[in-house]
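The following exercises introduce a protein structure through its strands, its sheets and selected residues. Each task is followed by a solution in steps.

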Amino acid sequence: MVLVAFLCSQIPVVQASQSDVIVTVDSSSLRFSPSEVTVQEGQAVRFVWSGQALNHNAVADDGLFDSGEPQRDVDYRFVFEQGTAGEHTFVCEPHESVGMVGLVIVEPAPVIEIEEVEESQDTPSVSFLASLILVSLAAFFRSSSEE
Ligand SMILES: [Cu+2]
């Protein structure tokens, strides 16, 4: 049981070590690049551009995130916490009409397998049964060899 507890403590709840996903503006100045990204819950997207000819921002249609006023230089980081799994479309407000739109797909965070712990707890009774059978078999063979 000590071993089981040790193994469980080694399983991370959220993979916080995953690096940020970067969304910037491409050379046409009217498109996000990339315009579609996939992250896991707990991971962040950084909307970052600088020295742009035009002002841009990134605003989620569902209101989840908003980089603020359109600007030529933006460095806006948003963490997609647990519960944000799903698809979040976003737009650059000044250029939405010309197709400056994007999509963040958030996948659910990996779920910890609680069942594995329960299975491990069953192991002692299984091995107890197995040793009972072994003892009975040994007794059977010993009594039959004595005859
Ligand atoms: Cu724009």
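Val45 stands opposite Phe78 in β6, and this pair is the starting point of the exercises. The model is a predicted one, in which local features need pLDDT of at least 70, side-chain atom pairs count only at pLDDT 80 or more, and totals for chains, interfaces and linings use all residues. Residue numbers start from 1 along each chain as its sequence is written.

**Exercise 1. Determine the sense in which β4 and β6 pair, and the sheet to which they belong.**

Step 1. Strands (E, at least two residues) and helices (H or I, at least four) are DSSP runs, numbered from the N terminus. Two strands pair if DSSP finds at least two bridges between them.

Step 2. β4 covers residues 44-49 and pairs with β6 in the antiparallel sense over six bridges.

Step 3. The two strands belong to an open sheet of four strands, ordered β2-β1-β4-β6, with mixed pairing. β2 (32-33) and β6 stand at its edges with a single partner strand each, so one side of each has no neighbour in the sheet.

**Exercise 2. Describe how β1 pairs with β4 and with β2.**

Step 1. With β4, the pairing of β1 is parallel and runs over three bridges. Ile22 has Arg46 in β4 as its bridge partner.

Step 2. With β2, the pairing of β1 is antiparallel and runs over two bridges. Here Val25 stands opposite Phe32 in β2.

Step 3. β1 and β2 form a hairpin with six residues between them, and Ser29 in the turn has a positive phi of about 70°.

**Exercise 3. Identify the residues with the most contacts inside the largest nonpolar core, and the strand that gives the most to this core.**

Step 1. A nonpolar core is a set of buried Ala, Val, Leu, Ile, Met, Phe, Trp, Tyr and Cys residues joined through C-beta atoms within 7 Å. A residue is buried if 20 or more other C-beta atoms lie within 10 Å of its own, exposed if 12 or fewer, and partly exposed in between, with C-beta atoms placed from the backbone.

Step 2. The largest core has 16 residues, and Val39, Val45, Phe47 and Val104 have the most contacts inside it. β1 (21-25), β4, β6 and β8 (101-107) supply at least two residues each, and β4 gives the most, with three residues.

Step 3. Residues are in contact if their C-beta atoms, placed from the backbone, lie within 7 Å. Leaving aside neighbours within four places in sequence, the contacts of Val45 include Val39, Phe78 and Val104.

**Exercise 4. Decide whether Arg46 is buried, exposed or partly exposed, and list its contacts.**

Step 1. Arg46 lies in strand β4. Arg46 counts as partly exposed because it has 15 C-beta neighbours inside 10 Å.

Step 2. Not counting residues up to four places away in sequence, Arg46 touches Asp20, Ile22, Asp75 and Arg77.

Step 3. Arg46 and Phe78 are 32 residues apart along the chain, and their C-alpha atoms are separated by 6.4 Å.

**Exercise 5. Locate Asp66 and relate it to Phe90.**

Step 1. Asp66 is found in the loop between β5 (59-60) and β6 (74-79). With 14 other C-beta atoms within 10 Å, Asp66 is partly exposed.

Step 2. The C-alpha atoms of Asp66 and Phe90 are separated by 8.9 Å, with the two residues 24 apart along the chain.

Step 3. Phe90 has Gly102 in β8 as its bridge partner. Strand β7 (residues 86-91) pairs with β8 in the antiparallel sense over six bridges.

Key. Two residues are in contact if their C-beta atoms, placed from the backbone, lie within 7 Å.
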